Amino acid sequence: MLNLGLLCTQIKLEEKLLMEEASRRVHNVIKADMRDLVFDLENYFPFDVVLARDFMHPRDLSALFLFERAGIRTVNSYDVARRCSDKVAVSKLLRQHEVPTPDVLIAFTQESALQAMDKLGYPVILKPAVGTWGQLLAKVNDRESAEALLEHKDHLGSYYHSIFYMQKYITKPGRDIQALVVGDEVICAIYRVGKHWITHPDRGATIKNCPVTKELETLCLRAANVVGGGVLSIDLMETKDGLTVHEVNSVGEFRHMLEPTGVNIPEKILSYVEKVTVHV
Amino acid sequence: MKKIKLGVLFSRLRLEEKLLFEEARKRKDVELVPIDSRELILSLDEHPKLDVILDREISQSRALYALQLFEGSDVWTVNSFEAVRIGGDKMLTSKVLHDAGVPTPNVKIAFTKESALGAIEEIGYPVVLKPVDGSWGRLMAKIENRTAAEAILEHKAHLSSYYHTVFYIQEYVKKPDRDIRAYVIDGETIGAAYRVSDHWLTNAALGGRTIPCPVTPELNELCLRACKAVGGQAIAVDLMETPHGLTVHEVNCAMEFKASMQSIEKNIPALLIDYCVKAAQGHQPKPKATLKTGDKTKAMAHA
């Protein structure tokens, strides 16, 4: 039996399923809400392991860091969650380890960002360096929209918005792929099919099972490894030169994948959590 | 003789950068390459044709992203991405100092104004509330009572940066009307200055003046340990004097030093350039921060 801390502020379907699965495996689930947590420099927590379910904003990462420093295993680990919360870090690591990934330029001012977009060639995808899927993503079709967007971004306040992350737009066949990696296994994958350039269920994309081919499996495992491994969601696009990885994230929502893939995702996650936890 | 190519990452030319540029240009063995972050366009395959980069960037986020991308190549960075990441976040700094056994004020971390209020009352008034990523004394608040706490927390919760929703609450350390700013370069505490002010904040940016401070063996040892804990190569360490001895409350990576210059005999810009040259020549192993998490053995050792 593990004392399993579930770090989340909201119990959504995913958390409910994970809690049910944990109870089935007779673990003691303790809900840990960021809003109630107070850390000092010498904390004790009654957890063997913490499963982080919230999207890790930079501030939330502090909690993972302090849990780990208190000797508690975290899934994902602080370093992995930290890298995944930062698109620059992910892109850089993928490129450094030769995992196919779109070209990206980074700039720090409106003027240099504009030059960078001219250099990449339109359309360009402008993303917040730190952010959740779909939020503040912009497809920039030409210089005029680039100028307008950059000016708006400049007024957004948070200093992360002064990091301009620009990705070359990849033409994809009306769909992309999302695969889940748990430990050293690609447990399932889906096609997200939609007319909008952001193929996301929230934007009306439909979901179909995607067979995990050898190519997909190898690429996903490599992508997961370069950020440090764990419970990870890999976004890929199909191009004429093969698959390319455009994002690696800590796994958040997975309800849309349950039915099309038929994979018991909570079971896979919990069994991984057990495997990596040091029993005290 | 082959010249050392020294990149200096900056965005604002303060007196410090002017002196560093002047110093670098005097050297026959150094080729200075100023890197203005405002003009930078970085790619994923960044391979600057430089031997060493000295980070003097005033914006922590720009420094971090630039260093992160530069460090994929062979170029040496002063300080490293890891050191800047830790030194630039007061929560990380407090924890690594504490875990390395360096005396540091007690702090509590909370994430909402409600839990922060509870944490403040647990420590007891007065407390100091700081942004985890702040400098120059910006947005630091000494909180004397509950009414003040409620007002400040309420305002802070409305600031836009994510970082302002980490509430970093430090016990108020009663100190004389001064604190100490010491400089560590290349494993040596090269000088220190008292920062004197009637205000509880002694930052030079807020009008604190400096007088010379002797580098005692105690001060030297603490500074070197603090520097090592954050993985720094050339940093400033801020300390306070308490009845129980010195306590380290902050470290600074791309540190300002103009206010201390009159109180320190050694030439800081010259020593910084010396160190960069030495590091570029490969005399220094790249220091690793003590911050290593997510590693099972470490977790077990802590358990």
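**Group meeting: a walk through the two-chain model**

Okay, let me start with a small loop. B:Pro126 sits in the loop that runs between helix 5 (113–123) and strand 7 (127–130) of chain B. The peptide bond that joins B:Tyr125 to B:Pro126 is cis, with omega at about -5°. Please keep in mind that this is a predicted model.

So what ipTM does the predictor give the complex? It's 0.89, and the pTM is 0.90. Chain B has a mean pLDDT of 89, with 91% of its residues at 70 or more. There's one stretch to flag, residues 291–303 of chain B, where the pLDDT is below 50. Beyond near neighbours in sequence, that stretch has 30 contacts in the model.

Chain A has a cis peptide bond too, from A:Val75 to A:Asn76, with omega near -10°. A:Asn76 belongs to the loop between strand 5 (73–75) and helix 3 of chain A. While we're in chain A loops, have a look at A:Val26: it isn't a glycine, yet its phi is positive, about 45°. You'll find A:Val26 between helix 1 (13–24) and strand 2 (28–32) of chain A.

Now the domains. For chain A, the assignment gives domain 1 (3–84), domain 2 (103–168) and domain 3 (171–264). Between domain 2 and domain 3 of chain A, the C-alpha centres are 24 Å apart. Chain B is split into domain 1 (4–87), domain 2 (106–171) and domain 3 (178–268). There, the centres of domain 1 and domain 2 of chain B, taken over C-alpha atoms, are separated by 33 Å.

On to a sheet in chain B. It's an open one, with five strands in the order 12-11-10-13-14 and antiparallel pairing. Which strands are at the edges? Strand 12 (209–213) and strand 14 (245–252) of chain B, each pairing on one side only. From one strand to the next, the twist averages 30°. If you zoom in on strand 10 (residues 178–185) and strand 11 (residues 188–196) of chain B, that antiparallel pair has eight bridges. For instance, B:Val184 has B:Thr189 in strand 11 of chain B as its bridge partner. Then helix 7 (residues 217–230) of chain B lies across strands 10, 11, 13 (234–242) and 14 of chain B, running at about 40° to strand 14.

Okay, the interface. How many residues does each chain bring to the contact? Chain A brings 48 and chain B brings 44. On the chain A side, the elements that each supply at least two residues include strand 3 (38–40), helix 4 and helix 5 (110–120). The largest share of that side, seven residues, comes from helix 2 of chain A. By class, the chain A side has 24 nonpolar, 13 polar and eleven charged residues.

There's strand pairing across the chains as well: strand 3 of chain A goes antiparallel with strand 6 (residues 107–110) of chain B, over three bridges. In strand 6 of chain B, B:Lys108 is the bridge partner of A:Asp40.

Last stop, a helix pair. Helix 4 (residues 87–96) of chain A packs against helix 2 (residues 60–70) of chain B at an angle of about 5°, with the axes 10 Å apart. Because of that angle, the two helices count as roughly parallel. Who meets whom? A:Val88, A:Ala89 and A:Lys92 from helix 4 of chain A meet B:Tyr65, B:Gln68 and B:Leu69 from helix 2 of chain B. By class, that helix contact has four nonpolar, one polar and one charged residues.

Notes
Residues are numbered from 1 along each chain as its sequence is written. Chains are lettered from A and ligands numbered from 1 in the order in which they are written. This is a predicted model: local features need pLDDT of at least 70, side-chain atom pairs count only at pLDDT 80 or more; totals for chains, interfaces and linings use all residues. pLDDT is the predictor's confidence in each residue, from 0 to 100. Two residues are in contact if their C-beta atoms, placed from the backbone, lie within 7 Å. Axes are lines fitted to C-alpha atoms, for helices over the stretch in contact, and angles run from 0 to 180 degrees between N-to-C directions. Helices (H or I, at least four residues) and strands (E, at least two) are DSSP runs, numbered from the N terminus. Angles under 35 degrees count as roughly parallel, over 145 as roughly antiparallel, 65 to 115 as roughly perpendicular and the rest as oblique. Ala, Val, Leu, Ile, Met, Phe, Trp, Tyr, Cys and Pro count as nonpolar, Asp, Glu, Lys and Arg as charged, and the others, Gly among them, as polar. Two strands pair if DSSP finds at least two bridges between them. Domain bounds come from an automatic or database domain assignment.
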